[in-house]
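Colleague: I should be grateful for a close look at the aromatic residues of this model and at the part of the structure around them. Please take the matter step by step.

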Amino acid sequence: MRIRSTAPVVATLLSGALLLTACGGSDDEAASSSGGGDGDVELSVSLFGTMGFEESALFEEYEKQNPGVQINYESTQGEDKYWPALQTKLASGSGLADVQGIEVARIADVVANQSDKWTDLTTLQATKDIAANYVEWKAAAATTEDGKVLGAGTDIGPMALCYRTDLLEQAGLPTDPAELAARLGSWDDYVALGEEYKAAAPEGSAWMDSAGGFYNAMVSTSEEIYYDEAGELVYDSNPAVKEAFDTAAAAGEAGLTARLEQFVDPAWDQGFASGSFATIACPSWMIGYIKGKAGDAGAGKWNVTPLPGGEGGNWGGSYLAIPESSENKEEAAKLIAWLTDGEQQATVFKNVGNFPSTTDGIANVGDATDEYFNGAPIGEIFTASADAAPTQILGQDDGVLKNTLVKALLSVEANGVPAQEAWDSAVSQVENQLG
């Protein structure tokens, strides 16, 4: 899978709305920890959501392998909270960590507008060749036109469909992944199966979590979305965008969604455990998110099957970067190189589901299974999705566009706004925001 950039539009990977955490989230508003080393070198690491390093005990392992290094780590629940705070710190030049996480939908802004605030990783010994380790498009998205590499990719977001086996069984639908996949030859089949689910669904349960999530899944399988190859905005004339919007809106109007806003509505988090929805479009990083929200009681209830029709797609993935103001650049680069090495990426995938962005890492996860998801072959499923994903043409304001359209869909499913009225309103808002 590759993602293509177009000058002057800088490519960014599609992610969920910027309110989303591309790699899930922790339960705490902000979590922090520090290592127990002697502290000859103290490295500060500031991330968002669940990027999997702390959860996989990698900071602790790095300290063991590097006596005298102490890692002071913090993570904020939402990227929407983390990013504005990071911008304030960048503007003031104070309060920045040595290693900063960057959500994929922000990397285009970093490359286009902030190259003077971040360290070119190719100037540091530990990361001078780091771009060579990544799938081509992942490194290209973090590289400036004059060749500066400003971020090391932590993961990418190949997609599947996650579902509650107990709820589908109660509704009389297939629970075996292969049998379910056989019923899902297309997105229309997915909607049609949702109608069957609705007719016999357990009380209080909808087929899918949200129209916005459904829309994101559909457009994340397309090559051309909001921009064309020349870098021109085409979101309002691209049939793929309008079809995804109309299909998701219709699902909301038909009562197939739980009318929840992903990552924002607390009821969405609760729904993973309570069963308020039976299926959800599932980027690989969602695996860890589901485990966190559904808890131990959810083990064995969830499973994974490919997207309808076996389509490939990408949704999310993040980077690690070093601010220019860091006084520990060489040590920070060593840590970044180690954390994003294929072996560590494979460990993170097996623990929280964040799919590797390096070729070595991808080669190491193909046979991974997950007992929480009934032993699902998640390595095989997400590798196939990554291989089948199209080369996406993406641009600097993808996040703005997606946020606006997802909000419009929420107005349809939650407030009964007619779909065409919601679309027209979204187009008007985009025009006002982007000029």
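Modeller: I begin with a charge and a ring. In this predicted model, Lys-242 lies over the face of Trp-423, at 5.3 Å from the ring centre. A second case involves Lys-402, whose charged end sits over the ring of Trp-315, 6.0 Å from its centre.

Trp-315 leads to a wider group, for this residue forms one aromatic cluster with Phe-263, Trp-268, Phe-272, Phe-277, Trp-285, Tyr-289 and Trp-302. Across the whole structure, a search finds 21 aromatic pairs. One of them is formed by Phe-59 and Tyr-73: the ring centres are 5.0 Å apart and the planes stand at 45°, so the pair is tilted. This pair links distant parts of the chain, since Phe-59 belongs to helix H1 (residues 58-65) and Tyr-73 to strand S4 (residues 69-76), 14 residues apart. Phe-59 and Tyr-73 are both buried.

Within the cluster, the rings of Phe-263 and Trp-285 have their centres 6.0 Å apart; their planes are at 45°, so this pair is tilted. Here too distant parts of the chain are linked, with the two positions 22 residues apart in numbering: Phe-263 is in the loop between helix H9 (239-253) and helix H10 (266-274), whereas Trp-285 is in the loop between strand S9 (277-283) and helix H11 (286-294). Phe-263 has a relative accessible area of 15% and is therefore buried, because the term applies under 20%. Trp-285, at 1% relative accessibility, counts as buried.

Another member of the cluster, Trp-302, leads to the strands. In strand S10, Trp-302 is the bridge partner of Arg-164. Strand S7 and strand S10 (residues 302-305) pair in the antiparallel sense over four bridges. S7 is also joined to S9 by five bridges, and these two strands run antiparallel. On that side, Tyr-163 stands opposite Thr-279 in S9.

The surroundings of S7 complete the picture. Six of the six residues of strand S7 (residues 159-164) are buried, so the strand is largely enclosed by the rest of the structure. In a regular strand, side chains alternate between the two faces of the sheet. In S7 both faces are covered: Met-159, Leu-161 and Tyr-163 are buried on one side, and Ala-160, Cys-162 and Arg-164 are buried on the other. Both residues named above for their bridge partners, Tyr-163 and Arg-164, thus appear among these buried positions, on opposite sides of the strand.

Conventions
Residues are numbered from 1 along each chain as its sequence is written. This is a predicted model: local features need pLDDT of at least 70, side-chain atom pairs count only at pLDDT 80 or more; totals for chains, interfaces and linings use all residues. Side-chain values use heavy atoms; hydrogens and water are left out. Rings of Phe, Tyr and Trp (its six-membered ring) pair if their centres lie within 6.5 Å; planes under 30 degrees apart count as stacked, over 60 as edge-to-face and the rest as tilted. Buried means under 20% relative accessible area, exposed over 50%, partly exposed in between (1.4 Å probe, protein chains only). A charge sits over a ring if NZ of Lys or CZ of Arg is within 6 Å of the ring centre and within 35 degrees of the ring normal. Two strands pair if DSSP finds at least two bridges between them.
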